[in-house]
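Welcome to a short set of exercises on reading a protein structure. Keep the sequence and the 3D view open, and try each task before you read its solution.

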Amino acid sequence: MRITGTGHASMRIDTAAGSILCDPWVNPAYFASWFPFPDNSQLDWESLGDCDYLYVSHLHRDHFDAAHLKRFVKKTATVLLPEYPTSQLEDELRDLGFTSFLKTKSDEVHELDGGLKVMIQALISPTDGPIGDSSLWVEHDGVRVLNQNDARPTDLTRFAELGHVHAHMLQFSGAIWYPMVYELPQAAKTAFGKQKRDRQFDRTWRYINDLHADWVFPIAGPPCFLDDELWQFNDIFGDEGNIFPDQSVFIREYAAVGGTNGVVLLPGSVSELTTDSCATTHPVDDLDEFFEQKEAHLKAYRDRQQIVLDREKASWSHPEIDVLAGMKDRIEPLLDESVYLAKGVGGPVRFDLTDPHGEVIESIVVDFPGKEVRPAADEKVRYRFKTERRLIEHLLYLDEGDWVNSLFLSCRFSAARIGQYNEFVYAFFKCLSEERLQYAEGWYESQRPDAEDIVMGGWQFQRRCPHLKADLTRFGIVEGDVLTCQLHGWKFNLASGKCLTSVGHEIRSSRAE
Ligand code: FES
């Protein structure tokens, strides 16, 4: 089996039974904040994209690069699709021209032509990626690899029970905005950053020890930041609180805990993997020297990409958009429907919108208890975000339904909060669509031991639709003994509990007393 490094979380896996291209990412993501490190734009993407299978782990923009997929990846490739609750990943890939899909079942091994075996484990809680993250296990000719990607399963038991894994690829670096964007004294920021960096490594060691693979490949980060405004986030200043350590730091830290089997892949590195060996060649003569010259690499990369950055930035302003009205339209209907997320946030969240010089020109509150979006008053808020108005204009212009997979991951904001981190704030802002919000609400509901029933039309049945968990007090209609959920039109026979639209998906139902 041959593994070719193609940058960040991306790799190409070649076997005698076919090739799998994973998560190709080249164009900057999240308001042009993140670029792949090292630069992978010079690779021969025409050849790399001529693959038999494509695996896109999830929809985060450093894994799903629509423009790149459209231009370089052969549309004859069969997509290995994770089993996600919503069809968004499939829909977006179909929009790009892909037509062949293998819809995998989570945690089930699928045997493909030539004895190639794959298994994708899909994680589906509202906190996993953009509602969904996944890992890919591959076996051919006795060689097994796990591309864990940046997924965070509770453990790796399901993979371990399929036999000894020879290569384990996993994330080790940061991929978040904490703590850099928080308005804290520098000393506190450094202390929190150091804790975060240590925790990232501890988690990585735990996963490595779960699997005991022969070889460990640090992947899925760090990104690099080429815009001058974000340059300080690159780990080139000897800052122990920087959460984006690179692969050379991984090798050093791993050695400190006794790890000797780390393999770094640069874009263009090739590892030939067998059941008892891993021989790797690199596109540079000296790997250590490459990382010692990191700052020079980044500066030259920045010069090459300046034109891309300038073009992106020029596209963000839409002064004709009324941001307050746009946020009201987008958010208020969802606030109205939200039970768990709104309650979880528990207070108002303020957006201070600035001009390009940093002056606040408008303040808008998303009032979770009051279920409205309104101009900010002189009031205490749970969270406060400060960002350029033009970024919100652009989100509204694009009709963006996931502000985590755009604004927050861009790190182009600052934040302050009262009290602890609140996962519901970010869960809500990644669910700015009916389908996602209903899914997240239903997921939280289903975590309750006493999942609720409702009574409607003489029947008692579960409140959440067995399909994608829509709230049936809003979307359900009962006619006779048939319940229709209007979110996607699925029907259920309440007498038998059977779903009339799809196999499985039974509903808990009985005649009302
Ligand atoms: S959530 Fe899809 S039909 Fe109910």
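Two strands count as paired if DSSP finds at least two bridges between them. Keep in mind that this is a predicted model.

**Exercise 1. A hairpin**

Task: Find the residue in β26 that is the bridge partner of V482, and describe how the two strands are connected.

Solution:
- Step 1. Start by locating V482, which belongs to strand β25 (residues 482-485).
- Step 2. Next, look at the neighbouring strand: four bridges link β25 with β26 (residues 490-493), and the two run antiparallel.
- Step 3. Now read off the partner, which is N493 in β26.
- Step 4. Finally, follow the chain from one strand to the other. β25 and β26 make a hairpin with four residues between them, and G489 in the turn has a positive phi of about 85°.

**Exercise 2. The surroundings of V482**

Task: Is V482 buried, partly exposed or exposed? Which residues does V482 touch, leaving out those up to four places away in sequence?

Solution:
- Step 1. Recall the cut-offs: buried is under 20% relative accessible area, exposed is over 50%, and partly exposed is in between.
- Step 2. V482 has a relative accessibility of 22%, so it counts as partly exposed.
- Step 3. Leaving out residues up to four places away in sequence, V482 touches I477, K491, F492 and L500.
- Step 4. For a sense of distance, compare V482 with P130: they are 352 residues apart in sequence, and their C-alpha atoms are 33 Å apart in space.

**Exercise 3. The sheet of five strands**

Task: Work out the strand order of the open sheet that contains β20, and find what packs on this sheet.

Solution:
- Step 1. Begin with β20 (residues 383-388), a mostly covered strand in which five of six residues are buried.
- Step 2. On one side, six bridges join β20 to β17 (residues 348-354), and these strands run parallel. Two pairs to find are L353 with its bridge partner T387, and T354 opposite E388.
- Step 3. β20 also pairs with β21 (residues 413-417) through five bridges, this time antiparallel. Here K386 has S414 as its bridge partner.
- Step 4. Put the strands in line: the order is β19-β18-β17-β20-β21, in an open sheet with mixed pairing. β19 (372-375) and β21 are the edge strands, each pairing on one side only. From one strand to the next, the twist averages 20°.
- Step 5. Add the helix α9 (residues 323-337), which packs on the sheet and touches β17, β18 (360-367) and β19. The direction of α9 makes about 155° with that of β19.

**Exercise 4. An enclosed helix**

Task: Explain why α11 is described as largely enclosed, and name what its buried residues pack against.

Solution:
- Step 1. Find α11 (residues 389-398), which lies across β17, β18 and β20 and runs at about 90° to β20.
- Step 2. Eight of the 10 residues of α11 are buried, so the helix is largely enclosed by the rest of the structure.
- Step 3. These buried residues are R389, R390, L391, I392, E393, H394, L395 and L396.
- Step 4. They pack against the helices α8 (294-314), α9 and α12, and against the strands β17, β18 and β20.
- Step 5. Look just past the helix: D399 has a positive phi of about 60°.

**Exercise 5. The sheet of eight strands**

Task: Which strands are at the edges of the open sheet of eight strands?

Solution:
- Step 1. Write down the order, β7-β6-β5-β3-β2-β1-β15-β16, and note that the pairing is mixed.
- Step 2. The edge strands are β7 (100-103) and β16 (278-281), since each pairs on one side only.
- Step 3. Check one edge: four bridges join β7 to β6 (residues 78-81), and the two run parallel. In this pair, V79 has F101 in β7 as its bridge partner.

**Exercise 6. The largest pocket**

Task: What lines the largest pocket, and which helix gives the most to the lining?

Solution:
- Step 1. The largest pocket has a volume of about 1,000 Å³.
- Step 2. Its lining has 34 residues, and T127, R152, A175, I176 and Y421 lie nearest the centre.
- Step 3. Sorted by class, the lining has 14 nonpolar, nine polar and 11 charged residues.
- Step 4. α5 (186-211), α12 (404-410) and α13 (423-429) each supply at least two lining residues. Of these, α5 gives the most, with four residues.

Key:
Residues are numbered from 1 along each chain as its sequence is written. This is a predicted model: local features need pLDDT of at least 70, side-chain atom pairs count only at pLDDT 80 or more; totals for chains, interfaces and linings use all residues. Side-chain values use heavy atoms; hydrogens and water are left out. On a 1 Å grid over the protein atoms alone, a cavity is a set of points where a 1.4 Å probe fits but cannot get out, and a pocket is an open set with protein on both sides within 12 Å along at least five of seven lines; lining residues have an atom within 4 Å of a point. Grid points are joined across faces, edges and corners, and a volume is the space filled by probe spheres set on the points. Ala, Val, Leu, Ile, Met, Phe, Trp, Tyr, Cys and Pro count as nonpolar, Asp, Glu, Lys and Arg as charged, and the others, Gly among them, as polar. Buried means under 20% relative accessible area, exposed over 50%, partly exposed in between (1.4 Å probe, protein chains only). Axes are lines fitted to C-alpha atoms, for helices over the stretch in contact, and angles run from 0 to 180 degrees between N-to-C directions. Contact means heavy atoms within 4.5 Å.
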